[in-house]
Amino acid sequence: MIKTENLSKKFNTTLAVDNLNLEVQEGEVFGFLGPNGAGKTTTVRILTSLIGPTSGTAVVNGFRIGEQDTNIRRSVGILTETPGMYDNLSAEFNLEIYANLYEVKDPKGQVEKYLRMLGLWDRRQDAAGTFSKGMKQKLAIARALLHEPRILFLDEPTAALDPEASHLVHDFIGELRKEGRTIFLCTHNLDEADRLCDRVGVFKTHLLVVNTPANLRSQLFGRRVVFHLVNSTESIASAIRALPFVREAKVIDNKLLVNLDDPETHNPEIIRVLVGAGAEIQFVGELRHSLEDVYLQLVKNA
Amino acid sequence: MNKIKTIVRKEWAEVFKNRMVLFTVIFLPLFLSVLPLIILYSMGGSSVNSASAELPAQIQQICKSNMTAGQCMQYYIVSTFLIMFMLIPLFIPVNIAAYSIVGEKTTHSLEPLLATPISTGELLAGKNLASVIPAIIATWVGFGIFAVGSLIITGGGALASALLDPMWLTAIFLAGPLMAILSVNFSIMVSSRVNDPRVAEQLSAVVILPLLAVFFGQIAGLFILNSTLILIMCLILLLVDVLVIYLAIRLFQRETILTRWK
């Protein structure tokens, strides 16, 4: 659905995107993560044919950027970082404008469909400028979907939204995913990426890593199991550290934290060693590293 | 064509919600139509017909042979105001078009608009028509008011036929639209290159300076507008229009406009 090869973009002397090689499959929700100024928005603009690359190529929905730009614009939807609605015009008229520009066959029908779907139908005659941030964002999402694109680029869809509005947007992205649309999601919200994305790419001018959130956690930190003990001692931790498959073990309060790659296989052995060392186990659980930990680690090392 | 119509509808829906623009589109033509009528009315009557003062040769030169000296003076003054009348096709588009690109930049609506399959030509054509049509209609309606008013006030005759002669009809119906096209495309050019709507309006207003030069040139007696000068003016405007349309399209660089937002 989206494939880039050595895609680069330079603004004067500033390199915004450096040799991006990326492939996003049909129906995938791909999270594009990176700090401010990393070049995420520039990448989205290149992939939606708003700007051209300095070098490299990309194919979006079967169309090559720079050669079939109108076809690309016709076949993708974009939610820009700022909704950019016409504030003096009604919500309905805002969408009708875009339905006509996207050459939608039944503009009024499509406008009604998405206004109803996003709960804005009753406010359709109100000026967009009177809408809350969340409502404007929903209106902008509706605008991006009017022409039923198979690929959707969402640039910070929940930035500056309150938790309730964010939740609504997340649910809607979930619905779009069920419909099999490909979603390219630029976000700072790592919890959002963790929850919604099949794979994420961490980007800082160049692509640092691409994988599923679970694999990234595992690759960077292994997995962490916590053993709640009645009395934890350093000698118990030392016995665990001696095991060849244990990456790290440390004691915090009465908890023994063990990093390892394959807890399903090795937990029984750890438990045997703990019991043998006289430890009394209250319960065992897995402690998940957040995607934020992964992201911070990657960006710090970049 | 449908996309151009959509842009025009969108521009009008937005622009005419702005009271200042509405005021300019309605008030300016009304003011510039009524003012020469007031002059005609206030100078009318027996004193005009009995006047026989010697007029400067330059003024006599533009008068028809069947005019009295008073009518000749009236014609001179009113025709000078008719030059100001040409402000309408220049000034109204400045108000509408200067905001058209930079306004979309500041409200961040340009990026989603450019992300649609609309071509630069369609977008600029829509923005052009949205500014040119109101300017031309306002100019022609204003001139219609003036024409009817002058016929009523003068009761027809030599003065009325001089005021509604081919020279002024050419100026209004040919030079007017050409001026509107010049003004719109100049404003779009400026609007594409600046980041502040106020700067766009101020810079775009420069387009009225040549007309003011013509106005003051005639008052100073440097020249008197005649049919030949109007035709030359139309020819120059036509060439300049082609140039500014070309430049407006060339300067409308999607990438530069999007990436130079500050």
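In the predicted model, strands β9 and β10 of chain A form a hairpin with 1 residue between the strands. Thr205(A) takes a positive phi near 65° in this hairpin. β9(A) and β10(A), the latter covering residues 206-211, pair in the antiparallel sense over 5 bridges. Within this pairing, Gly201(A) stands opposite Val210(A) of β10(A). β9(A) also pairs with strand β3 of chain A. Here the sense is parallel, and the pairing runs over 4 bridges. β3(A) spans residues 29-33, and β9(A) spans residues 199-204. Leu33(A) has Val202(A) in β9(A) as its bridge partner. β9(A) thus takes part in a parallel pairing with β3(A) and in an antiparallel pairing with β10(A). Strands of a sheet pair through backbone hydrogen bonds, in either sense.

A further sheet of chain A is open and consists of 4 strands. Their order is β12-β13-β11-β14, and the pairing is antiparallel. β12(A), residues 246-252, and β14(A), residues 281-287, stand at the edges. Each has a single partner strand, so one side of each is left without a neighbour in the sheet. Neighbouring strands of this sheet are turned by 20° against each other on average, direction ignored. Inside this order, β11(A) and β13(A) pair in the antiparallel sense over 6 bridges. The two strands cover residues 223-229 and residues 255-260, respectively. His228(A) stands opposite Lys255(A) of β13(A).

Helix α6 of chain A was examined next. α6(A) comprises 16 residues, 163-178. At 1.5 Å a residue, this helix should span 22 Å. Its end C-alpha atoms are 22 Å apart, which agrees with the expected span. Val169(A), Ile173(A) and Leu176(A) are buried in α6(A). Seen down the helix axis, the buried residues fall within an arc of 55°, so they line one face of α6(A). They pack against four elements of chain A: α5 (133-145), β7 (151-155), β8 (182-187) and α7 (190-196). The other side of α6(A) carries exposed residues. These are Pro163(A), Glu164(A), Asp171(A), Gly174(A), Glu175(A) and Lys178(A). Just after the helix, Gly180(A) takes a positive phi of about 85°.

At the level of the whole chain, chain A holds 11 helices and 14 strands. Its C-alpha trace spans about 75 × 45 × 30 Å along the principal axes. Of its 302 residues, 41% count as buried. Among contacts in chain A with a separation of 6 or more, 69% join residues 24 or more positions apart.

Chain B has 14 helices and 0 strands. Read along the sequence, its pattern is therefore an unbroken run of α elements. The C-alpha atoms of chain B fill a box of roughly 70 × 30 × 30 Å along the principal axes. Buried residues make up 39% of its 262 residues. Among contacts in chain B with a separation of 6 or more, 85% join residues 24 or more positions apart.

Leu237(B) offers a local view of chain B. This residue lies in helix α13(B), residues 227-251. Leu237(B) has 19 other C-beta atoms within 10 Å. A buried residue needs 20 or more, so Leu237(B) counts as partly exposed. Not counting residues up to four places away in sequence, Leu237(B) touches Ala175(B), Leu178(B), Met179(B) and Leu182(B). Pro177(B) is 60 residues from Leu237(B) in sequence. In space, the C-alpha atoms of Leu237(B) and Pro177(B) are 9.8 Å apart.

The two chains meet through 25 residues of chain A and 21 residues of chain B. On the side of chain A that touches chain B, α2(A), residues 69-75, and α3(A), residues 91-101, each supply at least two residues. α3(A) gives the most to this side, with 5 residues. The residues of chain A on this side divide into 12 nonpolar, 8 polar and 5 charged.

Note on methods
Residues numbered from 1 in each chain as written. Chains lettered and ligands numbered in written order. Predicted model: local features only at pLDDT ≥ 70, side-chain atom pairs only at ≥ 80, totals over all residues. Pairing = 2+ DSSP bridges. Axes fitted to C-alpha atoms, helices over the stretch in contact; angles between N-to-C directions. Expected span 1.5 Å × (residues − 1). Buried ≥ 20, exposed ≤ 12 C-beta atoms within 10 Å, placed from the backbone. Arc of directions from axis to C-beta. Contact = placed C-beta atoms within 7 Å. Nonpolar A, V, L, I, M, F, W, Y, C, P; charged D, E, K, R; others polar.
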